[in-house]
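The following paragraphs lead the reader through one structure, from its strand pairings to its interior and its surface. Please keep the sequence and the coordinates in view while reading.

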Amino acid sequence: MRINKYLSGCGIDSRRKCEKLVTDGRVRVNGKTVIELGTDVKEGDAVEVDGKRVALTFKKIYIMLNKPKGCVCTVSDDKGRKTVIDFVNIKERLFPVGRLDYDTEGLLLLTNDGDLANKITHPKNEVKKTYSVRVEGEPTAAELKRLRNGIEYNGVKYSGADIAVIGAEEGATRLEITITEGKNHEIKNMIESLGRRVLFLKRISIGGIRLGGLSRGEWRYLNSREIEYIKSL
């Protein structure tokens with residue numbers, strides 16, 4: 001089994017992120033550091049990440065968390081900040097599927113299923129993610145058309161988004177924005193390209209999985225229907 005697939009099967013992270021662990025020299029097989037992504041792991045091999053032995057996990061876990069602001073989407077943080085894993089008290093090793101910014105809240109999936117995480121996060125699969133967004137001021141029809149058609153901002157191209165205007169508030173407008181790419185700070189950068197600021201950002205759905213019934217910081221296991229759905233993506 002290829003090293004990245006093996007690590008993902010151990011519940012370390014998605015395959016793409018496991019590749020970086022290898023190239024960063026953080027993985028050893030039978031006591032030797034490996035940096036080649038083509039490395040194969042055979043039955044009986046001893047595999048370590050950051051000096052800790054890891055092994056394949058067979059029980060797949062799928063969890064929904066209502067991520068609050070003020071925590072990071074990582075398994076651990078070298079700055080001592082709270083992570084999303086701190087909210088989920090189970091013994092199994094999990095990792096977040098994709099990421100939400102430190103000051104963004106809402107729906108986050110956590111799992112130990114690297115193949116599924118790759119399905120959801122890989123841009124080619126175009127899994128829709130919908131956000132509730134409060135924007136400074138009142139974007140004009142022309143500005144919203146720009147977002148729907150796709151823009152370039154600071155040298156990065158962003159594909160067109162689905163935009164729905166939900167309503168106006170004092171000095172702000174509430175939108176629902178659906179994207180499929182998931183680039184870093186995508187929605188914030190799109191709004192900043194209009195000369196406006198994002199005042200509030202919350203993810204409310206990933207494909208057909210919707211956030212509902214969970215307070216900030218609460219989590220639950222996905223039900224069988226939801227698991228069947230995300231596996232079908």
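Val47 stands opposite Val54, a residue of β4. The model in which this pairing appears is predicted. Three bridges join β3, residues 47–49, to β4, and the two strands run antiparallel. Both strands belong to an open sheet of four strands with antiparallel pairing, in the order β2-β1-β3-β4. The edges of this sheet are β2 (32–33) and β4, each of which pairs on one side only. In general, the strands of a sheet pair through backbone hydrogen bonds, in either a parallel or an antiparallel manner.

The loop between β3 and β4 contains Asp50. The phi angle of Asp50 is near 55°, a positive value in a residue other than glycine. Is Asp50 buried, partly exposed or exposed? Asp50 counts as partly exposed because its relative accessible area is 47%, and the partly exposed class lies between the limits of 20% and 50%. A comparable backbone feature occurs at Glu126, which is not a glycine and has a positive phi of about 50°. Glu126 is placed in the loop between α3 (114–121) and β8. Its relative accessibility is 54%, and therefore Glu126 counts as exposed.

Beyond β4, the loop that leads to β5 holds Leu56. With a relative accessible area of 33%, Leu56 is partly exposed. Together with Met1 and Phe58, Leu56 forms a nonpolar patch on the surface, and the accessible area of the three residues together is about 340 Å².

The interior comes next. The largest nonpolar core comprises 30 residues, and those with the most contacts inside it are Leu110, Ile177 and Ile187. Two or more residues are given to this core by each of the elements β5 (62–67), β7 (105–111), β8 (129–136), α4 (141–149), β9 (151–153), β12 (172–179) and α5 (186–192). Another core, of 17 residues, lies apart from it and includes Met64, Leu109, Leu116 and Leu214. Which residues does Ile187 contact, leaving aside its neighbours within four places in sequence? They are Tyr131, Val133, Ile177, Ile179, Val198 and Leu201.

β12 deserves separate attention. Six of its eight residues are buried, so that β12 is mostly covered. Eight bridges join β12 to β8, and these strands run antiparallel. Strand β11, residues 162–169, is joined to β12 by seven bridges, likewise in an antiparallel arrangement. Thr173 of β12 takes part in both pairings: Thr173 is the bridge partner of Val135 and also of Ala168. In the hairpin of β11 and β12, two residues lie between the strands, and Gly171 takes a positive phi near 75°.

A final point concerns a charged residue, Asp101, in the loop between β6 (95–96) and β7. Is Asp101 buried or exposed? Its relative accessible area is 15%, and Asp101 is therefore buried, since the buried class covers values under 20%. Not counting residues up to four places away in sequence, Asp101 touches Lys67, Cys71, Asn184, His185 and Lys188.

Notes
Residues are numbered from 1 along each chain as its sequence is written. This is a predicted model: local features need pLDDT of at least 70, side-chain atom pairs count only at pLDDT 80 or more; totals for chains, interfaces and linings use all residues. Side-chain values use heavy atoms; hydrogens and water are left out. A nonpolar core is a set of buried Ala, Val, Leu, Ile, Met, Phe, Trp, Tyr and Cys residues joined through side-chain atoms within 4.5 Å. Buried means under 20% relative accessible area, exposed over 50%, partly exposed in between (1.4 Å probe, protein chains only). Contact means heavy atoms within 4.5 Å. Two strands pair if DSSP finds at least two bridges between them. Patches are made of residues with over 30% relative accessible area and no salt bridge: like charges are joined within 9 Å, nonpolar side chains (Val, Leu, Ile, Met, Phe, Trp, Tyr) within 5 Å. Accessible areas come from the Shrake-Rupley method with a 1.4 Å probe; for residues, only the protein chains shown count as cover. A salt bridge is a side-chain nitrogen of Lys or Arg within 4 Å of a carboxyl oxygen of Asp or Glu.
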